[in-house]
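This report goes through selected side-chain pairings, one strand residue and one surface patch. Please keep the sequence and the model in view while reading.

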Amino acid sequence: VAHNQVKKPVYSSTISSASGTTLTPYVNDARDIRSYMLPTKSYYVEISNGTDSGQRWDVNYAATTADTIGLNLSSVNNTSSTLTANLPGSQFLLREHVTLADVMPKSAFVGATTVNAADQVQVWNGTAWVTYYLLDARTSNPSIYYWALPAGIIERYGVVISPDTAVMAKH
């Protein structure tokens with residue numbers, strides 16, 4: 001399955017300063033940075049030029065303010081666990097993460113009540129493949145089909161698919 005694992009930026013600017021877990025952009029308009037994001041979605045910052053071009057860090061929405069971007073430096077989706085001294089002056093893009101819902105729409109797959117009978121998606125987590133299957137939960141709710149882990153019946157549609165993550169579908 002071929003799909004785009006990068007969404008269009010919701011915001012871009014140049015970094016004024018970077019320290020600890022915070023990026024401060026040069027403000028290019030009067031809007032609150034948080035107004036470009038929804039608290040229920042996952043976002044990341046991608047450096048688009050300079051010596052750190054291509055580096056990515058997940059955003060910590062709760063630590064983001066009107067004029068700074070809080071980062072989650074311990075996220076497995078990051079390309080680095082630290083910020084470098086080279087960041088001021090670099091341009092960045094703020095993007096919403098692609099999720100399982102974006103790359104594997106339920107309407108394109110066949111659901112079932114057991115793992116082996118259902119269509120599956122495997123996502124590489126850096127060390128192993130994690131299998132999700134399209135659970136047909138109509139016995140308890142006639143309108144429910146959702147991606148689930150074999151070990152637990154929990155909606156997994158929001159699983160983040162970072163730009164360098166491999167995904168396979170089994171139909």
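## A salt bridge of Glu96

With which residue does Glu96 form a salt bridge whose closest N and O atoms are 4.0 Å apart? The partner is Lys41. The model is a predicted one, and the distances and areas below are computed from it.

Glu96 sits in strand S6, while Lys41 belongs to the loop between S2 and strand S3 (43-47), so this pair ties together parts that are 55 residues apart in sequence. Lys41 has a relative accessible area of 39%, which means that Lys41 is partly exposed.

## The network around Glu96

Lys41 and Glu96 belong to one network with Lys7 and Asp102, joined by salt bridges that share partners. Within this network, the side chain of Glu96 also meets that of Lys7 in a salt bridge, at 3.1 Å from N to O. This pair links distant parts of the chain: Glu96 is in strand S6 (residues 91-96), Lys7 is in the segment before strand S1 (9-19), and their positions lie 89 residues apart in the numbering.

Why does Glu96 count as buried? Its relative accessible area is 17%, and the cut-off for buried is under 20%. Lys7, with a relative accessible area of 23%, is partly exposed.

## Other salt bridges

How many salt bridges does a search of the whole structure find? The search gives 6. One of them joins the side chains of Arg34 and Asp32, with 2.7 Å from N to O. Arg34 counts as partly exposed at 30% relative accessibility, and Asp32 counts as partly exposed at 26%.

In general terms, side chains of opposite charge can pair when their charged atoms come close.

## Thr22 in strand S2

Thr22 is located in strand S2, which covers residues 22-25. Its relative accessibility is 23%, so Thr22 counts as partly exposed.

Which residues does Thr22 touch, leaving aside those up to four places away in sequence? They are Ser17, Thr68, Ile69 and Leu83. The C-alpha atoms of Thr22 and Asn72 are separated by 9.1 Å, and these two residues are 50 residues apart along the chain.

## A nonpolar surface patch

On the surface, Trp124, Trp129 and Met168 form a nonpolar patch. Together these residues have about 280 Å² of accessible area.

Of the patch members, Trp129 can be placed in strand S9, which covers residues 129-136. Trp129 is partly exposed, and its relative accessible area is 37%.

Notes. Residues numbered from 1 in each chain as written. Predicted model: local features only at pLDDT ≥ 70, side-chain atom pairs only at ≥ 80, totals over all residues. Heavy atoms only, no water. Patch = residues over 30% accessible without salt bridge, like charges linked within 9 Å, V, L, I, M, F, W, Y side chains within 5 Å. Areas by Shrake-Rupley, 256 points an atom, 1.4 Å probe, with all protein chains shown as cover. Helix = DSSP H or I, 4+ residues; strand = E, 2+ residues; numbered from the N terminus. Buried < 20%, exposed > 50% of the residue type's maximum accessible area, 1.4 Å probe, protein only. Contact = heavy atoms within 4.5 Å.
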